[in-house]
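Work through the following exercises with the sequence and the model at hand. Each task is followed by a solution in steps.

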Amino acid sequence: MELAAILTLTTIAVTLVTLAVTRISPDVILMGALALLVLTGVLTPAKALVGFSNPGVMTIAVLYVVAAGLKETGAIQWLVHRLLGQPEKLREAQLRVLMPASALSAFMNNTTVVAMFIPAIQEWAGRLRLPPSKLLLPLSYAAIIGGTCTLIGTSTNLVVDGLLQSMTGAGLGMFSLTWVGLPLVIVGGTFLYFFADRLLPNRQGALEQLESAREYAVEVSVDRNGPLVGRTISGAGLRHLSHGYLADIERQGRLLTAVPPETELMAGDILIFIGAPECARELRRIQGLKPAGGDVHKLDIDHHRRCLVEAVIGPDFAGLGQTVRETRFRSRYQAVILSISRHGKRLPGKLGSISLQVGDTLLLETAQDFVEQYRYRKDFLLISGLNDSTPPDFRKAPLALTILLGMVITSATGMLSILEAALLAGGCMLATKCVPASKARRSVDISVIVVIAASFALGEAMRSTGAADEIAQWLLMIDQLPPWVALAFVYLLTVCFTELITNNAAAVLMFPIATAVANQLGVDFMPFVVAIMFAASASFMTPLGYQTNLMVLGPGGYLFSDYFRLGAPLSLIVAATAIMLIPLVWPFY
């Protein structure tokens, strides 16, 4: 083995260990490995940076913008609530989780899909008196498996397709993987449906306790033209919010207290919620509710530039001792007070009649630049913005879904390549203002893009130095190894890498090894390339291998052992099915 190959394998080994056992950010580790390969002369700068111009990587970056448009318009929430409905039993709830999650993840970023499903499932769990642990991990697994059905379902598919295009000049079609992905969804979904309840524990999620948070009373009204009129409180999903609870309903001048969950909502009802600051953010994302105070609609601020802010009144505030109405707060600060907390407790009574004091904490709806504008002013002691609190613009949800459908159709029919269709969809999201340019820019996860692109340098080093061929020879030490056994080796090695490091990095590292194995066996490389796609996404045994697994860890109250208990048999079933089907769709000879 040449010195360059030894240096490459040593660099990769150190990179893998560092990723697995340290808390250093993956993008820093992989860029460090890239720099080392360039400085030692193993790779030229042009070859080391080839990942940053790969069409698969660029497609992932553009799809972040498309996903941002779907999120900003509330399109995913709109879909989730219509697909999930209101199940009454655990079995029905599991079925309603597994089918929509896997279907949506085939065409959308599965991280976004899981993020939107979690609150709805938490509401189910509270209403049905079920532990969320029975539903959230199956949600993550269904989203992972569903993403394998199409080329755009996971970033891993796009990364491997980009490598394939660089090597052969041709890539896979939108639905090329469906012949294997769809059976995996059926087999994996069936296993989860029958065994998730038995293998997962009864455990509650680690929800925030309202008693330890600043408490506000937030008032919203039922929109006369919205979808909530005539629905019950539980049917509208208002019974078990993550950050607050419904205390009272004001209806035609009468105050209804301790309202039962079967109470029907009427147009114009004013709902009074008590909870943490995040309760207001949660309520703004429910279609059919609007702020009860008319002042919010008088704000001269574009919808997409609004956010929620907490501000603590200082001793130099001009309206001390005056009521909210007398301070003319909206016209002075271009902000509307939604609620007031004093000494950590909500203040009862009409908001406009409350006299303001030093130390009062105001929950405001205002412009996104409010924090920067007033941070150093003496009016307020402390100002803090709530993350991700811009209310969705539900009016544009159908438009955003139409753009997504257009992207899928144009790429599936061959009218445009995946990258071209994604660029067109991203441009349409910006042109129609489904997402503003500033938020589109912030939505692109640069660290993920850097990790993927830098991983290409490691793969290129393995190929050009012959290190991949050496590893392939080690894998094929047994004489006359059948191709399907070699395929199983490649699949299982990829799964091991995925559980230890990121799925995209695992796919890039395994690509040159897989093609080298195919060449030494004298068979077609496509079965091995496709096996990497499925194996790199099949991360079920730890919460670290895939982001959606980590997202449900806290809300589901899971332990690491829970992932292995359900994930290990699922991994075996998915692996056996994939290894059996892949050679039937892409023959070895």
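**Exercise 1.** With which residue does Arg342 form a salt bridge, and how far apart are the closest N and O atoms?

Solution. The model is a predicted one. Step 1: the partner of Arg342 is Asp360, with 2.7 Å between the closest N and O atoms. Step 2: place both residues. Arg342 belongs to strand S7 (residues 335-342), while Asp360 sits in the loop between strand S8 (345-346) and strand S9 (361-367), so the salt bridge ties together parts 18 residues apart in sequence. Step 3: check accessibility. Both Arg342 and Asp360 are buried.

**Exercise 2.** Locate the salt bridge between Lys134 and Asp197 in the chain, and state whether each residue is buried or partly exposed.

Solution. Step 1: the closest N and O atoms of Lys134 and Asp197 are 3.1 Å apart. Step 2: Lys134 lies in the loop between helix H7 (110-128) and helix H8 (136-146), and Asp197 lies in helix H10 (residues 178-199). The two residues are 63 residues apart, and the pair links distant parts of the chain. Step 3: the relative accessible area of Lys134 is 6%, so Lys134 is buried. For Asp197 the value is 26%, which makes this residue partly exposed.

**Exercise 3.** Describe the salt bridge between Arg96 and Glu92 and explain how the two residues are placed in their helix.

Solution. Step 1: the side chains of Arg96 and Glu92 meet at an N to O distance of 3.2 Å. Step 2: both residues are in helix H6 (residues 90-105); because they are four residues apart, about one helical turn separates them. Step 3: Arg96 has a relative accessible area of 30% and is partly exposed. Glu92, at 33%, is also partly exposed.

**Exercise 4.** How many salt bridges does a search of the whole structure find, and how many disulfides?

Solution. Step 1: the search finds 10 salt bridges. Among them are Arg342 with Asp360, Lys134 with Asp197, and Arg96 with Glu92. Step 2: the search for disulfides finds zero.

**Exercise 5.** Why does Cys279 form no bond with the closest cysteine sulfur?

Solution. Step 1: find the closest cysteine sulfur to that of Cys279; it belongs to Cys307 and is 17 Å away. Step 2: compare this with the cut-off, which requires the sulfur atoms to be within 2.5 Å. The sulfur atoms of Cys279 and Cys307 are therefore too far apart for a bond. Step 3: note the surroundings. Cys279 is buried, with a relative accessible area of 0%. Another cysteine, Cys496, is partly exposed at 45% relative accessibility.

Notes: Residues numbered from 1 in each chain as written. Predicted model: local features only at pLDDT ≥ 70, side-chain atom pairs only at ≥ 80, totals over all residues. Heavy atoms only, no water. Salt bridge = Lys/Arg side-chain N within 4 Å of Asp/Glu carboxyl O. Buried < 20%, exposed > 50% of the residue type's maximum accessible area, 1.4 Å probe, protein only.
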